[in-house]
Amino acid sequence: MSTWRNTWRKASASGESTDCVEVRAAGGLVEIRESDRPEVIVQTTPRKWAAFVRGVKSGEFDRYGDFSRP
């Protein structure tokens, strides 16, 4: 994670859109925010973040919405 420490990043699939979720590493934690409400920041551990990302990639959360549409 050190390559993106303190820099807010968004998914490349977001393209030029400003409506997206952003993430960064800060102070040993992972911080997540919604681009349209940047003052609201949620923090989690790198281990929990990694588990969440693995779940997203494996389709674990697909049942909660129709993600087949662009």
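A strand, labelled E, is a DSSP run of at least two residues, and the numbering of strands starts at the N terminus. With that in hand, Val-42 can be placed in strand E4. The model used in these exercises is predicted.

**Exercise 1. List the secondary structure elements of the protein chain and give their order.**

Solution. Start with the tally: the protein chain has four strands and one helix. Then walk along from the N terminus, where the elements follow one another as β-β-β-β-α.

**Exercise 2. Work out how the four strands are arranged in the sheet, and which of them are the edge strands.**

Solution. Go through the pairs in turn.

- Strand E1 (residues 9–10) and E2 are antiparallel and joined by two bridges. Here Lys-10 faces Glu-22 of E2.
- E2 and strand E3 (residues 29–34) are also antiparallel, with six bridges between them.
- E3 and E4 are joined by five bridges, again running antiparallel.

Put together, this gives an open sheet with the order E1-E2-E3-E4 and antiparallel pairing. The edge strands are E1 and E4 (37–44), since each pairs on one side only. As background, strands of a sheet pair through backbone hydrogen bonds, either parallel or antiparallel.

**Exercise 3. Trace the register between E2 and E3, then describe the hairpin they form.**

Solution. Begin with Val-21, whose bridge partner in E3 is Glu-34. Move on to Val-23, which stands opposite Ile-32 of E3. Finish with Ala-26, which is bridged to Leu-29 in E3. The hairpin of E2 and E3 has two residues between the strands, and Gly-27 takes a positive phi near 60 degrees there.

Now follow Glu-34 to its other neighbour: its bridge partner in E4 is Arg-37. E3 and E4 likewise make a hairpin, with two residues between them.

**Exercise 4. Is Glu-22 buried or exposed? Explain the answer using its strand and its contacts.**

Solution. First, locate the residue: Glu-22 belongs to strand E2. Second, apply the cut-off, by which buried means under 20% relative accessible area. Glu-22 has 15% relative accessibility, so it counts as buried.

Third, look at the strand around it. Five of the six residues of E2 (residues 21–26) are buried, so this strand is largely enclosed by the rest of the structure. For the protein chain as a whole, 24% of the 70 residues count as buried.

Fourth, check the contacts. Leaving out residues up to four places away in sequence, Glu-22 touches Trp-8, Arg-9, Lys-10, Glu-31, Ile-32, Arg-33 and Ser-35. For a distance, take Glu-34: its C-alpha is 6.2 Å from that of Glu-22, with their positions 12 residues apart in sequence.

**Exercise 5. Which residues does Val-42 touch, and how far is it from Val-23?**

Solution. Set aside residues up to four places away in sequence, and the contacts of Val-42 are Val-30, Glu-31 and Ile-32. For the distance, go from C-alpha to C-alpha: Val-42 and Val-23 are 9.5 Å apart in space and 19 residues apart in sequence.

**Exercise 6. Where does helix H1 lie, and what does it supply to the largest pocket?**

Solution. Place the helix on the strands first. H1 (residues 46–58) lies across E2, E3 and E4, and it runs at about 55 degrees to E3.

Next, turn to the pocket. A general idea helps here: rolling a probe the size of a water molecule over the atoms shows where empty space is left. The largest pocket has a volume of about 420 Å³. Its lining consists of 16 residues, and those nearest the centre are Lys-10, Ala-11, Val-21, Val-23 and Trp-49.

Last, sort the lining by element. E1, E2 and H1 each supply at least two residues. H1 gives the largest share of the lining, with five residues.

**Exercise 7. What is the exposed area of the protein chain, and what share of its contacts is long in sequence?**

Solution. The protein chain exposes about 5500 Å², of which carbon and sulfur atoms supply 52%. For the contacts, take those with a separation of 6 or more: residues 24 or more positions apart account for 10% of them.

Key. Residues numbered from 1 in each chain as written. Predicted model: local features only at pLDDT ≥ 70, side-chain atom pairs only at ≥ 80, totals over all residues. Heavy atoms only, no water. Buried < 20%, exposed > 50% of the residue type's maximum accessible area, 1.4 Å probe, protein only. Contact = heavy atoms within 4.5 Å. Areas by Shrake-Rupley, 256 points an atom, 1.4 Å probe, with all protein chains shown as cover. Pairing = 2+ DSSP bridges. Axes fitted to C-alpha atoms, helices over the stretch in contact; angles between N-to-C directions. 1 Å grid on protein atoms, 1.4 Å probe; cavity = no way out; pocket = protein on both sides within 12 Å on 5 of 7 lines; lining within 4 Å. Points joined across faces, edges and corners; volume = space filled by probe spheres on them.
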